[in-house]
Amino acid sequence: MADLEVQEKDGKIYCPLKKAWHISTPEERVRQYYIAILANKYGYSLKQMEQELKVNNSKRGQGKARADIVIWKNEQDKKDKKAAFIVVECKAENVKVRVEDYYQGFNYASWAHADFFVTTNEKETKYFNVDPAYLPQKLDEVVAIPTAKDVDDAARIEQIKNQTKLFTRDEFTKTLRACHNIIRNNDKLSPEAAFDEISKLLFMKIRFERDNKGMKVFTKQEYLDAAQNHEKNVRPGLKGTDLYALSYMQFLFRTTKEFFKDDRLFDDKDEINIRENSFIQILEKLETFNLSDTQDDVKGIAFEEIPRNNIQRRIRTVLHP
């Protein structure tokens, strides 16, 4: 099936869920582009979505409250007016999403009995778990929302709900030390060399998650799927070049080095110096952390114990993209 394309002309934008052209306001553009993302990247059908759905918490109150985008698990649930699955609150690109906007999204999602809600202004997208056992004071930010193929997988839904994005300095520090232990046990590198390898992987993760605007996390499964696609579809086309000889892990690091070339973070000869098994184990340790827009002081933890000056230079790129 062809990708859904956003159509704009003469100051108007086509809204497929409304089957009509609307004035192309900044907020409407964000909404239509996110609908395209939901269709193209997450696999949701237009038939299981609705735009500007009226939601309220009683028959009398909040009658004008409308959720920007509502997604059901399937088309039949939508027809039967069953509980929604995901609610999305959109803001114009030039509007900073405020704390009260998160609570508004939480309220809309709660009233629609949804499992997740999303806030987006295109530049920044955040995902939250909706737990009906708590009042809106408890916002559980998670690293992602389910794809269309995940909707009936209860174990996967529970896993996503448990992958919270908010983490403490202690938690992140402990995870990094666990990553260091993996390299020490598997690859027998010195502490300095081990942290150097971890910093390389962190930059690969940061680049991936920023490229995806926080919509995807660089997880073990994401890596394995991409590696399989690389071997099957990408690598054959690289025959005759020096890239053909690289494993996917090394290929990915090569493209990351190129991405950060202007920042001079890595030497041309730098490569990943740990086994792929170690690389995958570390990815698994880090997959509950989305580094696309993590607060600066927490990301800085990754480099606090690294003494080498060339790695210290990398901090500036992480903290000031």
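In which loop does aspartate 10 lie? Aspartate 10 lies in the loop that joins β1 to β2, where helices (H or I, at least four residues) and strands (E, at least two) are DSSP runs numbered from the N terminus. The structure is a predicted model, in which local features need pLDDT of at least 70 and side-chain atom pairs count only at pLDDT 80 or more, whereas totals for chains, interfaces and linings use all residues. Residues are numbered from 1 along each chain as its sequence is written, and side-chain values use heavy atoms, with hydrogens and water left out.

The phi angle of aspartate 10 is near 50°, a positive value in a residue other than glycine. At 78% relative accessibility, aspartate 10 counts as exposed, the classes being buried under 20% relative accessible area, exposed over 50% and partly exposed in between, with a 1.4 Å probe and protein chains only. Lysine 188, which is not a glycine either, has a positive phi of about 55°; this residue is found in the loop between α5 (169-187) and α6 (191-211) and is exposed, with a relative accessible area of 65%.

The loop that holds aspartate 10 connects β1 and β2, and these strands belong to an open sheet of three strands in the order β1-β2-β3, with antiparallel pairing. Strands β1 (8-9) and β3 (20-23) stand at the edges, each with a single partner strand, so one side of each has no neighbour in the sheet. Two strands are taken to pair if DSSP finds at least two bridges between them, and β1 pairs with strand β2 (residues 12-15) in the antiparallel sense over two bridges. Within this sheet, glutamate 8 stands opposite isoleucine 13 in β2. Helix α1 (residues 26-40) lies across β1, β2 and β3 and runs at about 35° to β2; axes are lines fitted to C-alpha atoms, for helices over the stretch in contact, and angles run from 0 to 180 degrees between N-to-C directions.

A further open sheet is formed by six strands in the order β4-β5-β6-β7-β8-β9, with mixed pairing. Its edge strands are β4 (49-54) and β9 (140-142), each of which pairs on one side only, and the twist averages 30° from one strand to the next. Helix α4 (residues 154-162) packs on this sheet and touches β7 (116-120), β8 (125-129) and β9, its direction making about 50° with that of β7; contact means heavy atoms within 4.5 Å. Strand β5 (residues 66-71) and strand β6 (residues 86-90) run antiparallel and are joined by three bridges, and isoleucine 69 stands opposite valine 88 in β6.

The axes of α7 and helix α8 (residues 248-259) come within 10 Å and cross at roughly 95°. That angle makes α7 roughly perpendicular to α8, given that angles under 35 degrees count as roughly parallel, over 145 as roughly antiparallel, 65 to 115 as roughly perpendicular and the rest as oblique. The contact involves Tyr223, Ala226, Ala227, His230 and Glu231 of α7, together with Tyr248, Met249, Phe251 and Leu252 of α8. Histidine 230, found in helix α7 (residues 220-234), counts as buried at 2% relative accessibility. Leaving aside residues up to four places away in sequence, histidine 230 touches Arg235, Pro236, Leu238, Tyr248 and Phe251.
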